[in-house]
Amino acid sequence: MSVAAHFDSNSTARAHFKDLLDAARRGRVVTVQRETSRAAVVDSERLRATLVGALPLPQVVAEDGGWSVFLPGVPVAADAATFDEAIKEMIVALREYADDWQEHLLDAPNHRNNWALVQVIELSDDTQLREWLVGAAR
């Protein structure tokens, strides 16, 4: 007997929506079939925590009397006079990047692989992003 929850249509998933969400929250595998594609339903905090572990570690460095924050391989960075200001600026820059990515960068060859980063940004509040940037979650 499988404990996963696989729904073979949208209407079946809708009819069992509470069960679908309960299974996802518990960490069970939940899928919904739609025509020829299948989507997974996952608990957002589990997804966020897992994706954070897959991202490059943020780098925070003191340079030239200020602070810089960047993600290796990702075109997002921030500079400021103080550590806290640099972190705040990086959170703003990450949010702006996520908006840009969802609006028009998701299909750009040099940005499409940043899906996990965008998911983390969108699933995190500012406190969670700050903790990730400064390494509190490591």
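Visitor: Why is the crossing of α3 and α5 called left-handed?
Guide: In this predicted model, a crossing earns that name if the near helix is turned anticlockwise from the far one by less than a right angle. α3 passes α5 in just that way, so the crossing is left-handed.

Visitor: Which residues make the contact of α3 with α5?
Guide: On the α3 side they are S44, L47, R48, L51 and V52. α5 brings W115, A116, Q119, V120 and L123. A contact here needs heavy atoms within 4.5 Å.

Visitor: How many of these contact residues are nonpolar, polar or charged?
Guide: Seven are nonpolar, two are polar and one is charged. Arg belongs to the charged class, so R48 counts there.

Visitor: What makes α3 oblique to α5?
Guide: Two packed helices are described by the angle between their axes and the distance between the axes. Helix α3 (residues 44-54) and helix α5 (residues 115-123) pack at about 130 degrees, with axes 9 Å apart. Roughly perpendicular covers 65 to 115 degrees, and roughly antiparallel starts over 145. An angle of about 130 degrees fits neither range, so α3 is oblique to α5.

Visitor: Which residues of α5 are called buried, and what is the cut-off?
Guide: The buried ones are A116, L117, V118, Q119, V120 and I121. To be called buried, a residue must have under 20% relative accessible area. What covers them includes α3, α4 (83-105) and α6 (126-134).

Visitor: What describes the way α4 and α6 meet?
Guide: Their axes come within 10 Å and cross at roughly 115 degrees. α4 passes α6 in a right-handed crossing. The name is right-handed because the near helix is turned clockwise from the far one. From α4, the contact takes F83, D84, I87, M90, I91, L94 and R95. From α6 come D126, L129, R130, W132, L133 and V134. By class there are nine nonpolar residues, no polar ones and four charged ones. Asp and Arg count as charged, which is why D84, R95, D126 and R130 fall in that class.

Visitor: Now to the strands. How do you know that β1 and β2 pair?
Guide: Pairing asks for at least two bridges between two strands. β1 and strand β2 (residues 30-34) have three bridges, in the parallel sense, so they pair. As one example, H6 has T31 in β2 as its bridge partner.

Visitor: What joins β2 to β3?
Guide: Four bridges join them, and the two strands run antiparallel. One of the bridge partnerships is R34 with S37 in β3. β2 and β3 also form a hairpin with two residues between them, and E35 in the turn has a positive phi of about 55 degrees.

Visitor: Why is one side of β1 and of β3 left without a neighbour in the sheet?
Guide: The open sheet has three strands in the order β1-β2-β3, with mixed pairing. β1 (5-7) and β3 (37-40) stand at the edges with a single partner strand each, so one side of each has no neighbour in the sheet. From one strand to the next, the twist averages 20 degrees. Helix α2 (residues 17-26) lies across β1 and β2 and runs at about 135 degrees to β2.

Visitor: What is the strand order of the sheet that holds β4, and which strands are its edges?
Guide: That open sheet of three strands has the order β4-β5-β6, with antiparallel pairing. β4 (59-63) and β6 (77-80) are the edge strands, each with a single partner. Here the twist averages 15 degrees from one strand to the next.

Visitor: How do you know that β5 pairs with β4 and with β6?
Guide: The cut-off is at least two bridges. Five bridges join β4 to β5, and strand β5 (residues 66-70) has four with β6. Both counts reach the cut-off, so both pairs qualify. Among the partners are V61 with S68 in β5, and V69 with A78 in β6. α4 packs on this sheet, touching β4, β5 and β6, and its direction makes about 150 degrees with that of β6.

Visitor: Which residues does A77 touch?
Guide: A77 sits in strand β6. Leaving out residues up to four places away in sequence, A77 touches V69, F70, M90 and A93. A77 and F7 are 42 Å apart in space, C-alpha to C-alpha.

Note on methods: Residues numbered from 1 in each chain as written. Predicted model: local features only at pLDDT ≥ 70, side-chain atom pairs only at ≥ 80, totals over all residues. Heavy atoms only, no water. Axes fitted to C-alpha atoms, helices over the stretch in contact; angles between N-to-C directions. Parallel < 35°, antiparallel > 145°, perpendicular 65-115°, else oblique. Buried < 20%, exposed > 50% of the residue type's maximum accessible area, 1.4 Å probe, protein only.
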